[in-house]
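Please look over the chain below. A short report on its backbone, its domains and its charged pairs follows.

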Amino acid sequence: MQVDAVVLDIDGVLVDVADSYRRAIVESIERVYDETLPAGAIQAFKNAGGFNNDWELTYAAALFVLAGREGYDADVERFTAEIADGDGGLAAAEAVVAAALSEEEHDRVRAAWDPPRLRRVFQALYLGSDRYRELEGGEPPFESVGYIHDEPVLVTEGALARLQGEYDLGVLTGRPASEADIALDRVGLAVPDEHRFTMDDWEEGKPHPHALVTLAERFDADRIAFVGDTLDDVRTAVNAREVDTGREYYGIGVLTGGLRGSEGREKFVAAGADAVVETVNDLSALFGDL
């Protein structure tokens, strides 16, 4: 057996979030700014890196929309390419907008930009009214059923049982802990707190290697595979390999998130993936070949 421990992302790996988190991003922008994001925008932000947190991706997308109102004429591909050149994430998006606009234009963008409101709208759309009251501790800005119910499970019971039987199993996700609990319950995967990292457990976020290296240490594993649906997931494994040279880290891409088909496979490989699989259900067969 070539892998001692397997660490799984949740979104796009264990559950499909196309009609939940990703839908909430698009509709948050529509509700707050009455504009629709271009097709492929969310994946372009994800590919730029640094957007493990979907709230921050929403804030960055709002900056793109607001900058466009002030005359910024680049398309989302160029905007996100410039974000990538700035090492990714929300701070890079803010820097791109600041550099592209005049001082007066930038001031108007900052005045209209409202991350707290975007977050409230996002959470109301995603969680629904009842869970919003439970988890956010207040009244939602509007009544909603919640897209959290629209997350089909991607892993089969048999595949999950094989992984649990053959390897130490951990979870590394950008979800808040409460939302990770909901997804893991739906999947039927119980993971001890010490074998998982959520948004609440660390500040840096992927692709910083801290969480993955810490899980490897807790498992006392020599060979660790991290399985995710974004380029930052693969980059996390690459970065872990660089800082923890005494262990082998494998970055495994799955094609059930925003990256699909041959183009998605090529992007994963370019980011340093050791392997790319169609779904999480193919892992047991893969690991014998690593």
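## Backbone outliers

D87 sits in the loop that runs between α4 (76-85) and α5 (90-100). This is a predicted model. The phi of D87 is positive, near 75 degrees, although the residue is not glycine. Most residues other than glycine have a negative phi, and most peptide bonds are trans. D87 has 73% relative accessibility, so it counts as exposed.

D220 also has a positive phi without being a glycine; its value is near 55 degrees. The loop that holds D220 lies between α11 and β4 (223-228). With a relative accessible area of 64%, over the 50% cut-off, D220 is exposed.

The peptide bond between K206 and P207 is cis. Its omega is about 15 degrees. P207 belongs to the loop between β3 (196-197) and α11 (210-219).

## Helix α3 and its ends

Does the length of α3 agree or disagree with its residue count? Helix α3 covers residues 54-69, which makes 16 residues. At 1.5 Å a residue, they should span 22 Å. The C-alpha atoms at the two ends are 23 Å apart, so the span agrees.

How many of the 16 residues in α3 are buried? The count is 13, and the helix is mostly covered.

Both ends have a local feature to check. At the N-terminal end, N53 acts as the cap of α3. A side-chain oxygen of N53 lies 2.8 Å from the backbone nitrogen of W55. Just after α3 comes G71, with a positive phi of about 105 degrees.

## Two domains and their interface

The domain assignment splits the chain in two. Domain 1 takes 5-16 + 152-286, and domain 2 takes 18-147. Their C-alpha centres are 25 Å apart.

What does the interface consist of? On the side of domain 1, 19 residues make contact with 19 residues of domain 2. About 1,400 Å² is buried between the two domains. Carbon and sulfur atoms give 48% of that area. On the domain 1 side, the elements that give two or more residues are α10 (177-187) and α12 (231-243). Between the two domains there are zero salt bridges. Seven residue pairs are in polar contact across the interface, with both residues of each at pLDDT 80 or more.

## N47 and V243

Is N47 buried or exposed? N47 has 19% relative accessibility, under the 20% cut-off, so it counts as buried. It is part of helix α2 (residues 41-48). Leaving out residues up to four places away in sequence, N47 touches L231, R235, L259 and K267.

V243 is part of helix α12. Its relative accessible area is 59%, so V243 is exposed. Leaving out residues up to four places away in sequence, V243 touches P209 and V213. The C-alpha atoms of V243 and L101 are 39 Å apart, with these positions 142 residues apart along the chain.

## Salt bridges

How many salt bridges does a search of the whole structure find? The total is 22. One of them joins the side chains of R108 and E70, at 2.9 Å from N to O. R108 is in helix α6 (residues 103-112) and E70 in the loop between α3 and α4, so the pair ties together parts 38 residues apart in sequence. R108 has 44% relative accessibility and therefore counts as partly exposed.

R133 forms salt bridges with E139 and with E143. The closest N and O atoms of R133 and E139 are 3.1 Å apart. For R133 and E143, the N to O distance is 2.7 Å. The R133 and E143 pair links distant parts of the chain, 10 residues apart. R133 is in helix α8 (residues 129-136), and E143 is in the loop between α8 and α9 (157-166). At 28% relative accessibility, R133 counts as partly exposed. E139 is exposed, at 57% relative accessible area. E143 is exposed as well, at 58%.

A network of salt bridges links D11, E151, R175 and R186.

Note on methods
Residues numbered from 1 in each chain as written. Predicted model: local features only at pLDDT ≥ 70, side-chain atom pairs only at ≥ 80, totals over all residues. Heavy atoms only, no water. Helix = DSSP H or I, 4+ residues; strand = E, 2+ residues; numbered from the N terminus. Expected span 1.5 Å × (residues − 1). Buried < 20%, exposed > 50% of the residue type's maximum accessible area, 1.4 Å probe, protein only. Polar contact = N/O pair within 3.5 Å; in protein donor to acceptor, adjacent residues only side chain to side chain. Domains from an automatic or database assignment. Contact = heavy atoms within 4.5 Å. Buried area = accessible area lost by both parts, 1.4 Å probe. Salt bridge = Lys/Arg side-chain N within 4 Å of Asp/Glu carboxyl O.
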